[in-house]
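This report turns to the ligand and its surroundings before it describes the protein as a whole.

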Amino acid sequence: MQLIPPDYFRRLDKEEIFPDQQRKLEIDLGCGDGSFLTGLAGHHPERDFLGVERLLGRARKSYRKACRADLKNLKVLRLEISYALEWLLPDSCASRIHLLFPDPWPKKKHHKRRLVTAEFCAALGRVLEPGGEFLLKTDDAEYFEESMVVLMASPDLEEIAWEDGAFFYPQTDFECRWLGQGKTIQSARFRVSA
Ligand SMILES: C[S@@+](CC[C@H](N)C(=O)[O-])C[C@H]1O[C@@H](n2cnc3c(N)ncnc32)[C@H](O)[C@@H]1O
């Protein structure tokens, strides 16, 4: 389904995303074609999933994939990640937030477009529930290093181990592409500090 907020000028209530407050909500920032999220939502019918994606074509692909698979626990919000995270999503609503292969903006003059900033980390701390997790993957070593410096400096987050195969985690569309090209993938997992 699509998530169309009733009002873009106030924070959503959690039940406006999915009605059952007792279910865990996971959010995929920049969900692309939705392969990762449909895989995860199919595997975890007991959890709810929200994909955030700004490109219309990709948001539509994710939405169609969810419809074809008849996934009632997956919605797609077509919006800018920063706006959704900072202004729209309710406090303590998500058990996990995924940021998988964010655009690395390699040119120095474009670095200011990178998502992982101190403001982004503060927003993660607000939107994640106590004990909630943030999961990051990228093939870009320089962006990974820069992001880790910012994430480690955040008073809201602490790094935790993420062993291979620790839990079901489908490969994303971009992950398959980069692995196919022999690139190395870096990953990190953080938890909201107690
Ligand atoms: C490199 S792709 C990765 C897609 C997917 N996560 C994957 O791993 O296959 C980055 C995605 O994030 C989306 N994106 C980048 N910046 C965004 C932003 N500020 N707001 C919303 N979506 C964004 C892009 O449109 C694109 O679909």
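## The shell around the ligand

How do the residues of the shell around the ligand divide into nonpolar, polar and charged? In this predicted model, the shell is made up of 6 nonpolar, 3 polar and 6 charged residues. There are 15 residues around the ligand, and among these Gly30, Glu53, Arg58, Leu100 and Thr172 come nearest.

## Polar contacts and burial

Two oxygen contacts and one nitrogen contact of the ligand can be described atom by atom. The side chain of Thr172, a residue that is also among those that come nearest to the ligand, places an N or O atom 2.7 Å from a ligand oxygen. The backbone takes part as well, since an N or O atom of the Phe174 main chain lies 2.9 Å from an oxygen atom of the ligand, while a backbone N or O atom of Ile81 is 2.9 Å from a ligand nitrogen. The ligand would expose 600 Å² if taken alone, and the protein buries 94% of that area. As for its location, the ligand sits in the largest pocket.

## The protein as a whole

The protein contains 7 helices and 7 strands, and when these are read along the sequence they follow the pattern α-β-α-β-α-β-α-β-α-β-α-β-α-β. The radius of gyration is 16 Å, close to the 16 Å that the globule rule gives for 194 residues, and the protein is therefore as compact as a globular protein of that length. Along its principal axes, the C-alpha trace spans about 40 × 35 × 35 Å.

Note on methods
Residues numbered from 1 in each chain as written. Predicted model: local features only at pLDDT ≥ 70, side-chain atom pairs only at ≥ 80, totals over all residues. Heavy atoms only, no water. Near = heavy atom within 4 Å. Polar contact = N/O pair within 3.5 Å; in protein donor to acceptor, adjacent residues only side chain to side chain. Areas by Shrake-Rupley, 256 points an atom, 1.4 Å probe, with all protein chains shown as cover. 1 Å grid on protein atoms, 1.4 Å probe; cavity = no way out; pocket = protein on both sides within 12 Å on 5 of 7 lines; lining within 4 Å. Sits in = over half its atoms within 2 Å of the grid points. Nonpolar A, V, L, I, M, F, W, Y, C, P; charged D, E, K, R; others polar. Helix = DSSP H or I, 4+ residues; strand = E, 2+ residues; numbered from the N terminus. Rg over C-alpha atoms; globule rule 2.2 N^0.38 Å.
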